[in-house]
Amino acid sequence: MLPDRFTGRFSLSGVTVALLVLFGILIAAITPVSSFHAATAQAQETTAAREPETPVDRVALHQALLDLANPWTVMCIAAHPDDEDGASLTVLRHKYGVHTVSVFSTFGEGGQNAVGPQLYEELGAIRARETRAAAEIQGSEPYFLGLKDFGFSKSAEEAFRIWGHEEALRRMVLKIRELRPDVIITNHDTTSGHGHHQATGRLLLEAFDTAADGKRFPEQMAAGVQPWLVKRIFVRIGFGNNSPAATADQGGVVAIDPNEMDPVRGSSFAEQALQALQKHETQGPWPKTVADMARFRNSPDGRLPMIRYRLTRAAQDVTPLPSRAGTFLDDLQLPEPEAAKLSPLKIQSQQLSELENQPAQVMSALIAARGAGVFSATGPGDGPRFKLSQQRLDRALAVVSGVSLTLSSKASVLVPGLPAGFSLNLANNGTRPLTVNKLTLRGFDSERPLEIADQLPPGTDAVKTIEIVTPGNAGISLPSADHLYDGRLFGQRFIATAEVEIDGAKFSVSSISELDVAPAVEIRSITPAPFVFTPQTTGQDIQLTVQVHNHLARTFNGSLAATAPHFFFSSGWGISDLAPGETRAVTLSLHGEPSNAVRKVFTSHTDPHAIDITIRRADSQEEVTRRALPGEYVKASVVKNLQVGFIPSFDQTLEWSLAALGVAAQKLSPSDIQSGALKNYDSIIIDNRGYEAHPELIAANDRLLAYVRDGGNLIVFYHKNNEWNPDPARNRPQLAPYPITLGGERVTDENAPVRFLQPAHRLLNFPNRMRRSDFLGWVQERGLYYPKEWDPHYAALLEMSDPGEPGLRGGLLVGTYGRGRYIYTSLVWYRELRAGVPGAYRMLANMISYGKR
Ligand SMILES: [Zn+2]
């Protein structure tokens, strides 16, 4: 039970975090842009009578009244999107009306992608949006600390080294001081699992002390927040962490049952939480039903197990957690006089939240409450908490009176210097006349008042259209991947607010619209990226594909130019008659004879601006946009006249890498393997997780082994152990000619030393002599799911390990079978090739040249 009286002693004085708390999405640092000077041309307004609709949305009213009765905030802290405890967040909000927020250390950009080829920042931008969609269902508000997700890590130390311990703490403390949670919960302890999880668990405990300490990060107080003392911190028990399982009758434990039915939404909280989880699509596949999920958690009765948390920190003097606590907030009390002022509204001793079926009575009570000035902070006290309650009263008044405001935009993106049309609809679907006192639209760092009807009879709405010219210097926010960390990830935000009045009760309604800002013609992508060339491909024509998209409402004529200083010829390619909304692929063919000096420039492996692509208008020659393409010259030789077949899995990295090496490469499908003339290929490559991407390949595997036996060279990139090891349930035999069994080991330190076990082996020496330097400059990790056992027919060529761990020798295995050769490698060549790491190209060249003279 939640308390309905709030007494005690938390008294921290006021600060305004209003808008962020209310609208609930982080914009870390909105880049200032010039004001809203630019014009509302031809603002129009209409008022129309309509059939009255269902006057009150019962689910919304139920939630608004629950919210109104609850003054508490609970924060869930997580390392990555999908690490949040969506079930507890859902129960807290939908059952109790707790104000719930979630804070993510990273955007999850170092993770894998189950549904598309995007990785790194592109993946982070997708996961941020997945997180918002999940939060929408959970009824929580997501925020991001924007720390870099550099991939799987085994220790908190590595995370702190890359994040900066103090910087990470500063960001978490700021979020706590801004959002002022009474309770923080997390799935992460300090010693187990992913290094980012451990580091996040440790940061939270440090932030508990630091956020309350006014001497720490004083610049935050200068910017307007106040120190904040969190009352309780809870860490989940037995959920991917080391804590021993506990039962509810042990002290300090909260047990939450996610299986309860939501009385108004017609589904259980567990079902809602699962729907939210499924929004994290890139991290799937997820269970389809709660029963599937229960089975996965070893719960036989189709219900999810109880969620248990242990109290890990409590502020001094806070009321002890009762035994058998049902929520994190049990027995918490607010100090007087706040407790009295924030106590839930009632009608004759009945709580409003139990009266959602009597909206007329509720409405009268809310109007009276607003008239009586309830939830008004008078004198010192917890101003933001009162502010939150005021906003919730505004929301309840809007829902019960059937008043809503909708801001929508006609354009899908904004273009600097051009007008965009917006429409505002203020609707009175209720039964009483509405007085409109003020209507404003805020965006581009300024607020402008708008004219609208000052009276709306019941069953009418007023529509206002407005044009806003995007300032010429507005910050571009597309492509999203380029704006993951600069505060523009979600584009430009507009907030419309109407201040209205019913029967003397004043309240406000708001609506938000977010739009990306794009150049008039956008360069959506340039491929291949990075652009890599080798001795075989210098002097050849080089093909780049540039995707351009017209954001204008009219046809665009212009040209596209590529410049690579001192190196390639640059010339223009016309873009004629690009229709509004059209995306077109323009193929550039570049050529030139590079000099040694210029080769050197491209060997820096640091210059992201090796090639600049520019779009100009045909008429004025004015530059419309520009994007840079990183480039790399790699000294990787291949045997002449190689014919290579490859089976791609999730992206085009392998295709582009083979093109950079200048070899004739043919993309193969499982049916080509089943029935094609494989003997035409000197080498065949199965891309990473190829047997998972193409399950039909398993049935065709005998053909691949026959290809090897007859003299071919088969190269297999990494697979997960559960995608590779023999499994009769999936009709999967041993896939290699002699057994290879994968384990779960990884080497996550991309700088881990690599030892050559057989330095003279031909695979490490021909045509390129592999050196220690070929393993420098790697990204993210060395490899995944290393073989733990292999047949003696294979030679293990490399050994590597994370610091302090035993060496793993299975990363590169090579053996002969019949007259041919077989290579299995669990190193993450695809990541390194995609990042333009020279050593990866040299090793790929050796693998496809293996067995040739
Ligand atoms: Zn995680």
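**Entry 1: zinc site**

I looked up D83 first and found it buried, as is H197 (buried is under 20% relative accessible area, exposed over 50%, partly exposed in between, with a 1.4 Å probe and protein chains only). I note that the model is predicted, that local features need pLDDT of at least 70 and side-chain atom pairs pLDDT 80 or more, and that totals for chains, interfaces and linings use all residues. Residues are numbered from 1 along each chain as its sequence is written, and side-chain values use heavy atoms, with hydrogens and water left out.

I then listed the donors of the zinc ion: H80 through ND1, D83 through OD, entered twice, and H197 through NE2, at 2.1 to 2.7 Å. Donors here are N, O and S atoms within 2.8 Å of the metal (3.2 Å for Na, K and Ca); water is not among the atoms, so sites may look incomplete.

I checked the geometry next. The four donor atoms subtend angles of 53 to 136 degrees around the zinc ion, and the arrangement is therefore irregular. For reference, four donors are tetrahedral if all angles lie between 85 and 135 degrees; four are square planar and six octahedral if opposite donors are over 155 degrees apart and all others between 65 and 115; anything else is irregular.

Along the chain, I read the donor spacing as H-x2-D-x113-H. D83 sits in the loop between β2 (73–78) and α3 (86–96), while H197 belongs to helix α7 (residues 195–211), so the pair ties together parts that are 114 residues apart in sequence. Helices (H or I, at least four residues) and strands (E, at least two) are DSSP runs numbered from the N terminus.

**Entry 2: α6 against α7**

I stayed with α7 and examined its packing on helix α6 (residues 165–179). The two axes come within 9 Å and cross at roughly 60 degrees. This makes α6 oblique to α7 (angles under 35 degrees are roughly parallel, over 145 roughly antiparallel, 65 to 115 roughly perpendicular, and the rest oblique). Axes are lines fitted to C-alpha atoms, for helices over the stretch in contact, with angles from 0 to 180 degrees between N-to-C directions.

I recorded the crossing of α6 and α7 as right-handed. On the α6 side the contact includes H165, A168, L169 and M172, and on the α7 side it includes T200, R202, L203 and L204. Contact means heavy atoms within 4.5 Å.

**Entry 3: α4 against α9, and T131**

I compared this with a second pair. The axes of helix α4 (residues 120–138) and helix α9 (residues 269–278) come within 8 Å and cross at roughly 170 degrees. That angle makes α4 roughly antiparallel to α9. A134, I137 and Q138 of α4 make the contact with Q272, Q275 and A276 of α9. I find that α4 passes α9 in a right-handed crossing (a crossing is right-handed if the near helix is turned clockwise from the far one by less than a right angle, left-handed if anticlockwise).

Within α4 I also looked up T131. T131 has a relative accessible area of 1% and is therefore buried. Leaving out residues up to four places away in sequence, T131 touches P81, F104, P142, F144 and H280.

**Entry 4: backbone details**

I searched for cis peptide bonds and noted the one from G284 to P285, with omega near 0 degrees. P285 lies in the loop between α9 and α10 (290–296). I also noted a cis bond from T527 to P528, with omega near -5 degrees; P528 is in the loop between β20 (521–527) and β21 (531–533).

I then checked positive phi values outside glycine. D317 has phi near 75 degrees and lies in the loop between β8 (307–314) and α11 (338–341). Its relative accessible area of 57% makes D317 exposed. R689 has a phi of about 60 degrees and is found in the loop between β31 (683–686) and α17 (690–693). R689 is buried, at 14% relative accessible area.

In helix α11 I looked up A340, which is partly exposed at 48% relative accessibility. Between the C-alpha atoms of A340 and F375 I find 9.5 Å, with their positions 35 residues apart in sequence.

**Entry 5: whole chain**

I closed with the totals. The protein chain has 22 helices and 39 strands. Of its 853 residues, 57% are buried. Among contacts between residues at least 6 apart in sequence, 76% join residues at least 24 apart.
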